[in-house]
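Here is a brief report on charged side-chain pairs. Have the sequence and the model open as you read.

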Amino acid sequence: MELDRIEKLLEKYFEAETTVAEETELRAFFSKREVPENLEQYIPLFSFTSGAKKEQLSKEIVLEPKTTGGSTSLYKWMSIAAAVVLMFGVYLGKTYYDEKELEQQQALYAYNETKKALDMLSQNMERGTEKMGYLNEFVVAKQKIYNKK
């Protein structure tokens with residue numbers, strides 16, 4: 001019965017579906033001296049983790065103290081200043097572009113309104129020149145009358 005459970009736990013282990021408690025149970029099972037022959041191949045896998053816990057580093061690691069001065073601090077402040085200048089430039093560029101676009105829209109609107117006004121003036125001038133043609137005939141007739149006398 002226990003052997004069936006261990007085989008099922010092994011399947012779950014290789015599918016990466018075991019819990020920490022189940023992995024602990026597998027380590028305990030494979031640390032015993034009496035492991036069936038068909039499962040002996042897994043002994044190094046589970047005994048390695050228990051041996052790895054006992055390992056220690058014998059060499060002393062020396063960490064260099066972190067320097068707080070000079071170039072890193074200056075570099076950090078220069079980076080911040082560059083980022084601020086870049087953001088300010090993007091903002092001003094966008095504002096300048098928006099102003100130019102607004103000026104273009106206003107100029108186009110003024111052009112269209114002027115065009116409408118000149119079209120209306122042109123139409124009225126055409127009607128007025130038609131009437132001037134009648135006046136011109138009157139002047140010509142008047143000159144003919146005066147010239148006959």
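The sections below cover the salt bridges of this predicted model.

## Overview

The structure holds six salt bridges. Three of the six are described here, among them Arg5 with Glu25. In general, side chains of opposite charge can pair when their charged atoms come close.

## A link between two helices

Arg5 and Glu25 join through their side chains in a salt bridge, with an N to O distance of 3.1 Å. This pair connects distant parts of the chain. Arg5 sits in helix 1 (residues 2–14). Glu25 sits in helix 2 (residues 20–31). The two are 20 residues apart.

Both ends have some access to the surface. Arg5 is partly exposed, at 42% relative accessible area. Glu25 is also partly exposed, at 29%.

## A pair within helix 2

Glu23 forms a salt bridge with Arg27. Their closest N and O atoms lie 3.8 Å apart, which is inside the 4 Å cut-off for a salt bridge. The spacing fits the helix: Glu23 and Arg27 are about one helical turn apart because they lie four residues apart in helix 2.

Glu23 has 24% relative accessibility and counts as partly exposed. Arg27 is likewise partly exposed, at 24%. Buried would require a value under 20%.

## A pair within helix 4

Lys94 and Asp98 make a salt bridge, with 3.2 Å between the closest N and O atoms. Both residues belong to helix 4 (residues 70–148). They are four residues apart, about one turn of the helix. Asp98 is partly exposed, with a relative accessible area of 35%.

Technical notes: Residues numbered from 1 in each chain as written. Predicted model: local features only at pLDDT ≥ 70, side-chain atom pairs only at ≥ 80, totals over all residues. Heavy atoms only, no water. Buried < 20%, exposed > 50% of the residue type's maximum accessible area, 1.4 Å probe, protein only.
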